[in-house]
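I wanted to look up how the sheet is put together, what packs on it, and where one loop residue sits. My entries follow.

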Amino acid sequence: MKANEIEISHPDKVLFPAAGITKSDLADYYQRIAKRLLPFAEGRPLTLRAFPEGINEEGFFNKHAPEHFPGFITRIEVPTRESGSKAVLMSSADKAADLVYFAGQNVIEMHAALSTKTDLEKPDQLIVDFDPSDDDFEKVRKVALGFSELLDSLGLNAFWKTTGSQGLHAHLPIRPERDFATVKEWAKALARMLHDKMPQETTLELRKDKRGNKVFIDVLRNEYGQTAVLPYSVRARKGAPVATPIRADELEGDDLLPDRYTLKNIFQRLGQIEDPWRNFTRHRIAAQRLAEAVS
């Protein structure tokens with residue numbers, strides 16, 4: 001199936017003015033990348049970030065699946081934690097046509113829940129986000145490398161990705177055996193270990209104005225209802241950077257940048273390497289194993 005077999009209104013609309021990337025280009029990208037992206041989207045509630053007038057204008061997040069979305073877009077009913085609130089019907093994606101349709105709706109970014117519709121209360125991954133307090137990505141890279149070494153010492157494994165924005169994400173695939181509160185405590189324990197190891201380079205301070213120029217070890221995504229940008233999602237930033245899976249050993253290269261890979265060069269990379277996340281689900285960590293490692 002070609003992207004143009006799904007009707008896309010205004011395919012020549014420019015979404016990335018500086019790069020000249022159109023809605024049709026975006027749809028073609030999501031059609032081509034579907035095989036790699038869909039395993040991490042299927043069965044998950046998605047938050048979609050759309051930019052009807054392109055990235056130079058204000059966009060918006062869609063947590064609810066809009067009523068005008070066609071029937072072939074899967075909806076997942078997500079209970080809310082707020083008293084008196086109704087469940088939210090959220091979009092999901094399980095086929096390339098879904099991604100192409102989203103692009104036709106000016107959706108540039110896709111963010112996924114950390115749990116699936118099988119059991120929304122139990123995450124199947126733990127995420128640590130390395131967020132810089134300034135534009136010095138070299139500090140982020142070094143802290144991430146320190147975290148990778150820490151995990152090695154604990155006998156744990158992470159899958160890494162550039163965010164396409166400013167930082168790096170470490171995903172630890174886990175068996176969905178515990179609730180979000182428990183998984184967040186594990187994430188906090190890992191963050192404290194890393195901070196103890198690298199106190200001069202890192203901070204656990206929630207307030208931005210108190211972080212100085214240190215790298216914030218962010219574990220806040222490990223909560224019910226939170227999301228993380230999907231691997232291979234385009235980001236609504238200049239040059240159309242892509243959130244790109246990388247190998248752990250790539251953290252050692254001082255040429256690594258969070259926005260190095262883009263819609264225009266990602267397939268060149270993918271043609272030269274094996275998919276770093278191809279064995280993601282095979283490496284799921286048992287709850288008991290992770291609990292023992294962080295205790």
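I looked first at the sheet, in which six strands (DSSP runs of E, at least two residues, numbered from the N terminus) form an open arrangement in the order 11-12-8-10-9-14, with mixed pairing (two strands pair if DSSP finds at least two bridges between them). Strand 11 and strand 14 (245-246) each have a single partner strand and stand at the edges, so one side of each has no neighbour in the sheet. Strand 8 and strand 12 run antiparallel and are joined by three bridges; I noted Ile217 in strand 12 as the bridge partner of Phe130.

This is a predicted model, where local features need pLDDT of at least 70 and side-chain atom pairs count only at pLDDT 80 or more, while totals for chains, interfaces and linings use all residues. Residues are numbered from 1 along each chain as its sequence is written, and side-chain values use heavy atoms, with hydrogens and water left out.

Next I checked helix 4 (residues 180-197; helices are DSSP runs of H or I, at least four residues), which has 18 residues. Its buried residues (under 20% relative accessible area, 1.4 Å probe, protein chains only) include Phe180, Trp186 and Leu194, and what covers the buried residues of helix 4 includes helix 3 (137-154) and helix 6 (287-294).

Finally I turned to Leu114, which is in the loop between strand 7 (107-113) and strand 8. Leu114 counts as buried because its relative accessibility is 1%. Beyond its neighbours within four places in sequence, Leu114 is in contact (heavy atoms within 4.5 Å) with residues including Arg44, Phe180 and Ala228. The C-alpha atoms of Leu114 and Ala228 are separated by 7.5 Å, although these residues are 114 residues apart along the chain.

How values were computed
The expected span of a helix is 1.5 Å times one less than its number of residues. Buried means under 20% relative accessible area, exposed over 50%, partly exposed in between (1.4 Å probe, protein chains only).
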